[in-house]
Amino acid sequence: MSLQVVIGYGPAGAATAALLAERGERVRVIGRSPREDEPGLEHVALDAADRAALTEATRGAAAIYSCASPPYHRWATDWPPLQDSICAAAEANGALLVSLGNLYGYGPVDGPLTENLPLAATGTKGRIRAMLSEQLHALHDEGRIRAVEVRASDFFGPGVTDGGHLAARVVPNVLRGRKVQVFGDPDAPHSWTYISDVARTLVAAAREEKAWGKTWHVPTGPPRSARVMVALLCEAAGVPPVPVQRLSPMLLRAGALVSPMVRELQEVRYQFDRPYVLDSRAAQELFALRPTPEKDQFASTVAWWRDRLATVS
């Protein structure tokens, strides 16, 4: 049993910590908010951008899973010091660094997204993601750390709430029989990554030395439009289909005046206004992983949201 440290306790961090604990590892979770320890999980509250504190908290770790993410509108200011601190902790302690990334660094692409595409984004958030990836791989190539990067498309599934495009703005409406409004073209094919598959891929990448020093895409099912995904959620919930509409540009402009999150989304509209398809065959082959069957994805998502809504009602 080795010490595994998970930084960040959002949907991906929580799923990864739970999976590691299920597999008998000693798991320490680092987050900003104090939490009571849970069976198999030790919680430590600190600012992961504090290099000295993080280095001490990760002492003895065999692997560090970087699953944290600053607030969406603060990526440009908060991401660089956070990653610098995480990389410094991995280097000081000789721990493998398993970094969870996303697809922003590629920028707009015609055709499926593969791991060998250049990081050609020009927008602020895309360039930040590209810079973080380039830094991670440079440190690995220099022999200063051992690192592997795992990239996912938009999350959905149990535990994914306000940050998901198929989460808090969609599933409760499905369960209540109300119309759903989505960002972008509701009929554009889009890859959606199930949250449990993110955790499985992070853990698999840590255990497969041949994966280190490279980037891998989380095994993700076939692209589905938002309209189709909503229909499948309705089917899983056993409710009649609900209307699916595109959020109006006027409403988005109004929202951008008061919401930093909505303002920042304008940079990545291309991901939802055109086909956005993730190719994950390389990871599926190396790790012998397949996406969770769609039926199970939708059933688990609906069940989780039903429990959540029953608790808060």
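Which residues in helix 3 meet which residues in helix 4? The first legend below takes up this pair; the model shown is a predicted one.

**Figure 1. Helix 3 against helix 4.** Helix 3 spans residues 75–93, and helix 4 covers residues 124–141. From helix 3, the residues that meet helix 4 are Trp75, Ala76, Trp79, Pro80, Gln83, Asp84 and Cys87. From helix 4, the residues that meet helix 3 are Thr124, Lys125, Ile128, Arg129, Met131, Leu132, Gln135, Leu136 and Leu139. Sorted by class, this contact holds 10 nonpolar, three polar and three charged residues. Two packed helices are described by the angle between their axes and the distance between the axes. Here the axes come within 10 Å and cross at roughly 10°. Angles under 35 degrees count as roughly parallel, and helix 3 and helix 4 are therefore roughly parallel to each other. Their crossing is right-handed.

**Figure 2. The open sheet of seven strands.** The strand order is 3-2-1-4-5-6-10, and the pairing is parallel. Strand 3 (41–45) and strand 10 (215–217) are the edge strands, each pairing on one side only. From one strand to the next, the twist averages 20°. Strand 4 (residues 61–66) pairs with strand 5 (residues 96–101) in the parallel sense, over four bridges. Within this pair, Tyr65 has Val98 of strand 5 as its bridge partner. Helix 4 packs on the sheet and touches strand 5, strand 6 (146–151) and strand 10. The direction of helix 4 makes about 150° with that of strand 6.

**Figure 3. Strand 1 and its pairing with strand 2.** Strand 1 runs over residues 3–7 and strand 2 over residues 26–31. The two strands pair in the parallel sense over five bridges, and Gln4 stands opposite Val27 in strand 2. Leu3, Val5 and Ile7 point one way from strand 1, while Gln4 and Val6 point the other way. Five of the five residues of strand 1 are buried, so this strand is largely enclosed by the rest of the structure.

**Figure 4. Helix 1 on the sheet and against helix 6.** Helix 1 (residues 11–22) lies across strand 1, strand 2, strand 3, strand 4 and strand 5. Helix 1 runs at about 165° to strand 1. The axis of helix 1 also comes within 8 Å of the axis of helix 6 (residues 195–207), and the two cross at roughly 60°. That angle makes helix 1 oblique to helix 6. The crossing of helix 1 and helix 6 is right-handed. Helix 1 contributes Pro11, Ala12, Ala15, Thr16, Leu19 and Leu20 to the contact. Helix 6 contributes Ile195, Val198, Ala199, Arg200, Leu202 and Val203. By class, the contact of helix 1 with helix 6 has 10 nonpolar residues, one polar residue and one charged residue.

**Figure 5. The surroundings of Gln297.** Gln297 has its place in helix 12, which covers residues 294–312. The relative accessibility of Gln297 is 5%. Buried means under 20% relative accessible area, so Gln297 counts as buried. Leaving aside residues up to four places away in sequence, Gln297 touches Phe156, Tyr194, Asp197, Pro291 and Thr292.

Technical notes
Residues numbered from 1 in each chain as written. Predicted model: local features only at pLDDT ≥ 70, side-chain atom pairs only at ≥ 80, totals over all residues. Heavy atoms only, no water. Pairing = 2+ DSSP bridges. Axes fitted to C-alpha atoms, helices over the stretch in contact; angles between N-to-C directions. Contact = heavy atoms within 4.5 Å. Parallel < 35°, antiparallel > 145°, perpendicular 65-115°, else oblique. Left-handed = near helix turned anticlockwise from the far one by under 90°. Nonpolar A, V, L, I, M, F, W, Y, C, P; charged D, E, K, R; others polar. Buried < 20%, exposed > 50% of the residue type's maximum accessible area, 1.4 Å probe, protein only.
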